[in-house]
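Hi everyone, thanks for coming. I'd like to walk you through one protein model today, so let's get it up on the screen.

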Amino acid sequence: MLTPNMQGIIMAIGKATHIYDRCGPEAGFFQAIKFEYARLLKLAQEDTPPERDYRLHHAIVYFIQNQAPKKIIERTLLEQFADHNLSFDERCCNVMKVAQAKLQMIKPDEVNMEDYEWWHQEYRNFRDTTVYLMVGLELFQKRNFKEALLYLICAYHKNKELSANGLYRGHDEELISHYRRECLLKLNECAAAQFESGDDQQVNKGLEIMNELIVPCLPLLLVDETEEKDIVAVEDMRNRWCSYLGQEMEPNLQEKLTDFLPKLLDCSTEIKGFNDSPKLPSYSTNELCEHFARIMLSLSRTPADGR
């Protein structure tokens, strides 16, 4: 399947056929690149729902929305027209050759290649963040909260770094924050239920979830005092475990609870990173766009508990 970039370029060359036929490949190239830039500019200016994020379809839309230098955008578009995969027919092939020649004519001082690489790395970071978010949300919907949490934490952290540089650099921070918080609450509920079972093996599994996942994550929710929902969620989790103090239980459970509670209540606000980021699956542009659209359409933004 053709990438969104390739589809757009082929359509632009098709629209420029009359110029190409009358004035030749170079004139056809200039007309086609003008058509394609106008189309991408229009996409960048559209107010679209989350499931139709044109930044995922086209790096240039991302660059336009984030006010990348004009030279970066121009070179990126020129490289797309110079792509060897464009050799579908004689017209496309000739336009491609013109673009390749224009690319070779660019002098080293005309485009700052460090800036160029930096912007393209930013775009790759945006795509990676999208995949972390997408996989995390899918796992959450499948109720695989343990794995989902790590992806959502990575998505939140990377998105925070991107969004610090501009409004359109990343995704909706509130959305990611919501599902990260809900994931922790679901895991806490699961761990508490295992503790309440009284079964030694289940109790140990529940405390393992708390010690390895919940407690290390609490500082992430407490770091921003303006995030009231996160702070309330932490208090809910702590209150759930503190409520066991007044209950009768086996001495071994009492001992484990007494050993665990200080870790939950006195967790440092120092943020400790997890050792490794979870594995990032590879997606083509088409797969990523389709996958992301599907998961965003399936989301319920307003949970039943109002958090």
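I'll talk about the two domains, then the place where they touch, and then a couple of side-chain pairs.

Before anything else, keep in mind that this is a predicted model.

Okay, domains. The chain splits into domain 1, residues 4-111, and domain 2, residues 129-301. If you take the C-alpha centres of domain 1 and domain 2, they sit 42 Å apart. The two do touch, though: eleven residues from domain 1 and 14 residues from domain 2 take part in the contact.

So how do people put a number on an interface? Often they quote the accessible area lost when the parts come together. Here, domain 1 and domain 2 bury about 1100 Å² between them, and carbon and sulfur atoms give 59% of that. On the domain 1 side, look for E51, L56 and N66: they lose the most area to domain 2, and together they make up 49% of what that side buries.

What about charges and polar groups across that interface? The count of salt bridges between domain 1 and domain 2 is zero. Polar contacts do turn up, with five residue pairs found across the interface.

Which elements of domain 1 give two or more residues to that side? They're α1 (4-15), α4 (54-57) and α5 (59-65). Of these, α4 gives the most, with three residues. By type, the domain 1 side has four nonpolar, four polar and three charged residues.

Now let's zoom out to the whole structure. There are 14 salt bridges in it. One to click on is R240 with E189, where the closest N and O atoms are 2.8 Å apart. R240 is in helix α12 (residues 228-242) and E189 is in helix α10 (residues 173-197), so this pair ties together parts that are 51 residues apart in sequence.

Last stop, aromatics. The whole structure has 16 aromatic pairs. Take Y123 and F126: their ring centres are 6.1 Å apart and the planes are at 35°, so we call the pair tilted. Both are in helix α8 (residues 113-141), and because they're three residues apart there, about one helical turn separates them.

That's my tour, so over to you for questions.

Technical notes:
Residues numbered from 1 in each chain as written. Predicted model: local features only at pLDDT ≥ 70, side-chain atom pairs only at ≥ 80, totals over all residues. Heavy atoms only, no water. Domains from an automatic or database assignment. Contact = heavy atoms within 4.5 Å. Buried area = accessible area lost by both parts, 1.4 Å probe. Salt bridge = Lys/Arg side-chain N within 4 Å of Asp/Glu carboxyl O. Polar contact = N/O pair within 3.5 Å; in protein donor to acceptor, adjacent residues only side chain to side chain. Helix = DSSP H or I, 4+ residues; strand = E, 2+ residues; numbered from the N terminus. Nonpolar A, V, L, I, M, F, W, Y, C, P; charged D, E, K, R; others polar. Phe/Tyr/Trp six-rings, centres within 6.5 Å; stacked < 30°, edge-to-face > 60°.
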